[in-house]
Amino acid sequence: MPEPKAPPKSPPKADPQQGTHAAFEPHDHHECVDATLQRADDMVRARGLRLTPVRRRTLEILLERHGAMGAYDVLQRLSDEGFGHQPPVAYRALDFLVENGLAHRIRRLNAFTACNHPGESHHAAFLICRGCDSVAEIPADPLRGTLDQGAAGMGFHIERATIEAVGLCTACSAEATQ
């Protein structure tokens, strides 16, 4: 999977009030990662679970960039750092993260991304840049409500839904128009 393209030199800062997202705009990534890891630690502890070293490192790897990574890419990183080289090492850690709301599976990319809101009950939609593979998680509660309502009208109960939208981020859109 190609590395994300560098953003243009002077785009606007991420501003939640304006609807931009850190995945697509410059921001203090260390603060972003630290805050998400702290929320993940708090959530896991509150649920009486364990964030083992391999689970924690897997989450850190996913948090290193706002994008999705395939399980074998995660496995390679874990293996390089001495966590083992067999696929179950990565898959078990990724399954734990997904099952506990610390990561999401992006089916379009057959990959995983860290959850931006660990421990919060929410429905997410994913904006996937087809240029750089950056992934932004946005709230999808209204969309999920519409899906649930339509399904209920047909006697169907949705247990899980993944909403993925593909397009271009700000940086890739600017690059495409040059």
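**Exercise 1. Contacts along the chain**

Task: Determine what share of the contacts in the protein chain between residues at least 6 apart in sequence join residues at least 24 apart.

Solution. Begin with the contacts between residues at least 6 apart in sequence; of these, 53% join residues at least 24 apart. The model examined here is predicted. Next, consider burial: of the 178 residues of the protein chain, 38% count as buried. Finally, list the elements. The protein chain has six helices and five strands, and from the N terminus on they run α-α-α-α-β-β-β-β-α-β-α.

**Exercise 2. The packing of α2 and α3**

Task: Describe how helix α2 and α3 pack, and state which residues make the contact.

Solution. Two quantities are required, since two packed helices are described by the angle between their axes and the distance between the axes. For helix α2, which spans residues 53–63, and α3, the angle is about 120° and the axes lie 10 Å apart. Angles of 65 to 115 degrees count as roughly perpendicular; the angle of about 120° lies outside that range, and α2 and α3 are therefore oblique to each other. The crossing of the two helices, α2 and α3, is right-handed. On the α2 side, V54, R57, T58, I61 and L62 make the contact, and on the α3 side V74, R77 and L78 do so.

**Exercise 3. The packing of α3 and α4**

Task: Classify the orientation of α3 and α4 as oblique or roughly perpendicular, and identify the residues in contact.

Solution. The angle between α3 and α4 is about 110°, and their axes are 9 Å apart. Because 65 to 115 degrees counts as roughly perpendicular, this pair of helices falls into that class. In passing α4, α3 makes a right-handed crossing. From α3, the contact involves A71, Y72, V74, L75 and L78; from α4, it involves P87, V89, A90, Y91 and L94.

**Exercise 4. Aromatic rings and a charge**

Task: Find the aromatic pair in the structure, and state how its rings are arranged.

Solution. A search of the whole structure yields one aromatic pair. Its members are Y72 and Y91, with ring centres 6.2 Å apart and 80° between the planes, an edge-to-face arrangement. The pair links distant parts of the chain, 19 residues apart: Y72 belongs to helix α3 (residues 71–80) and Y91 to helix α4 (residues 87–99). Accessibility is assessed next. Y72 has a relative accessible area of 52%; exposed means over 50%, so Y72 is exposed. Y91, at 35%, is partly exposed. A further ring carries a charge over its face: R55 lies over F96, at 3.7 Å from the ring centre.

**Exercise 5. Two individual residues**

Task: Locate G101 and L143, and decide whether each is buried, partly exposed or exposed.

Solution. G101 is situated in the loop between α4 and β1 (103–106). Its relative accessibility is 28%; buried means under 20% and exposed over 50%, so G101 counts as partly exposed. Apart from neighbours within four places in sequence, G101 is in contact with C115, P118 and G119. The C-alpha atom of G101 is 9.5 Å from that of M43, although the two residues are 58 residues apart along the chain.

L143 occurs in helix α5 (residues 141–152). With a relative accessible area of 46%, L143 is also partly exposed. The C-alpha atoms of L143 and I163 are separated by 8.7 Å, while 20 residues separate the two along the chain.

Methods: Residues are numbered from 1 along each chain as its sequence is written. This is a predicted model: local features need pLDDT of at least 70, side-chain atom pairs count only at pLDDT 80 or more; totals for chains, interfaces and linings use all residues. Side-chain values use heavy atoms; hydrogens and water are left out. Rings of Phe, Tyr and Trp (its six-membered ring) pair if their centres lie within 6.5 Å; planes under 30 degrees apart count as stacked, over 60 as edge-to-face and the rest as tilted. Helices (H or I, at least four residues) and strands (E, at least two) are DSSP runs, numbered from the N terminus. Buried means under 20% relative accessible area, exposed over 50%, partly exposed in between (1.4 Å probe, protein chains only). A charge sits over a ring if NZ of Lys or CZ of Arg is within 6 Å of the ring centre and within 35 degrees of the ring normal. Axes are lines fitted to C-alpha atoms, for helices over the stretch in contact, and angles run from 0 to 180 degrees between N-to-C directions. Angles under 35 degrees count as roughly parallel, over 145 as roughly antiparallel, 65 to 115 as roughly perpendicular and the rest as oblique. A crossing is left-handed if the near helix is turned anticlockwise from the far one by less than a right angle, and right-handed if clockwise. Contact means heavy atoms within 4.5 Å.
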